[in-house]
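Got your viewer open and your selection tool ready? Let's take a short walk through this model, one stop at a time.

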Amino acid sequence: MSTQKYAISLDVGGTFTKAAVVDRTGGQCLFKAALATRTDLPSPQVPDYLVEQIRALMADAEVATGDVAGISIGLPGVINQRTGRAISCPNLRNWEDLPLADQVAQRIGLPTWMEKDANQAALGELWLGAARQIEHSICFTLGTGIGTGIILNGQLYRGGMGGAGEIGHLPILPNGPQCGCGNHGCLEALASASAVSREARAAVEQDSQSAMVALAGGQAEAITSEIVFAAARAGDATAQCVLDTALEYLGIGIASIINAFNPDLIVLGGGMAQAGEQLLSPIRNVVGQHARRPLAEHVNIVLTELGSMAGVLGGAYLVFSHADR
Ligand SMILES: [Zn+2]
């Protein structure tokens, strides 16, 4: 086993980047930061930008290169983990097809891995969260999009070229709303936080008295998925109707995945998981109706235990697993 105590882990989102120096013993974060992601940078500047962020993080945490086992960079999209390149990253177009892992490794002098953000989150839950000691688990990150990471036999399942777990793009509704991937009616286009807020904004055009409008300060365009959940809790029928539709699609997507993989556990994370029982209980109902009965009875559906830190902790786990091989 290597002796370096720390891993550096980045979880780069289309809006924010979470970064942390994580201790190997129990995932204690020595230092963490959330920064706005520079999506505007031209491709040639991206490696230096990442290196700058990593060096600043190490300086703030006061760790030397010799104390660090490696670096993990999580990105939203299809990532080829073997080549350390992002193949398709719709929210970070300028980051695509760069040998980012190699470029960062050369400049900093530490082994560096790239991984899909949702895979990092699934590994975080496996290491320290809801999926500890579970053989087969699937972790959903429900936010702007829907990301998933699949753990089979205690290992991350990456598929043929690193693209497994694109469950957000499970086709659900032919001719449904257009998805960021270009197709129509993907699960993500029907049941992500952005799909919920989009449908709510459309619904209040017919119901201007909805509590959602008041909660958004009178601005329909300011309705977020949090507002939809809050209005539904307060008894707003229009908000409840928007949620019922979205959560039925989400439950159907999850039921399909349960039928395909017979997981022991489904973990729901991401921003929408903050709704707690309001999310969990309809999903359990829909899964009960649509998944094969013995499989639905076997699976546990729970909320994340690590919240927004799942991704950075999972990235650190990845670093330590490589370092200890
Ligand atoms: Zn899609």
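## Stop one: a pocket

Start by selecting Gln81, Leu123, Leu126, Gly154, Gln155, Leu156, Arg158, Tyr317, Leu318, Ser321, His322 and Arg325: together they line the second largest pocket. Three elements each give two or more residues to this lining, namely helix 3 (117–128), strand 10 and helix 11 (310–323). Now color helix 11, which supplies the largest share of the lining, 4 residues. The space inside this pocket comes to about 250 Å³. Try coloring the lining by residue type, and you should get 5 nonpolar, 5 polar and 2 charged residues. Keep in mind as you click around that this is a predicted model.

## Stop two: the sheet

Next, show the strands as a cartoon and look for the open sheet of 5 strands, which runs in the order 10-9-8-11-12 with mixed pairing. Which strands stand at the edges? They are strand 10 and strand 12 (300–303); each has a single partner strand, so one side of each has no neighbour in the sheet.

Zoom in on strand 11 (residues 265–269) beside strand 12: the two pair in the parallel sense, over 4 bridges. To see one residue pair up close, pick valine 267 and then its bridge partner in strand 12, valine 302.

Now bring the helices back. Helix 9 (residues 277–290) packs on the sheet and touches strand 8, strand 11 and strand 12. Compare its direction with that of strand 12, and you get an angle of about 160 degrees. Helix 3 also packs on the sheet, where it touches strand 8 (137–142), strand 9, strand 10 and strand 11. The direction of helix 3 makes about 50 degrees with that of strand 9.

## Stop three: two asparagines

Before the last selections, one bit of background: most residues other than glycine have a negative phi. Select asparagine 153, in the loop between strand 9 (146–152) and strand 10 (155–156). What is its phi? The value is positive, about 50 degrees, although this residue is not a glycine. Asparagine 153 is also exposed, with a relative accessible area of 53%.

Then hop to asparagine 175, in the loop between strand 10 and helix 4 (187–191). Here is another residue other than glycine with a positive phi, this time near 65 degrees. Is asparagine 175 buried or exposed? With 76% relative accessibility, asparagine 175 counts as exposed.

Methods. Residues numbered from 1 in each chain as written. Predicted model: local features only at pLDDT ≥ 70, side-chain atom pairs only at ≥ 80, totals over all residues. Heavy atoms only, no water. Buried < 20%, exposed > 50% of the residue type's maximum accessible area, 1.4 Å probe, protein only. 1 Å grid on protein atoms, 1.4 Å probe; cavity = no way out; pocket = protein on both sides within 12 Å on 5 of 7 lines; lining within 4 Å. Points joined across faces, edges and corners; volume = space filled by probe spheres on them. Nonpolar A, V, L, I, M, F, W, Y, C, P; charged D, E, K, R; others polar. Pairing = 2+ DSSP bridges. Contact = heavy atoms within 4.5 Å. Axes fitted to C-alpha atoms, helices over the stretch in contact; angles between N-to-C directions.
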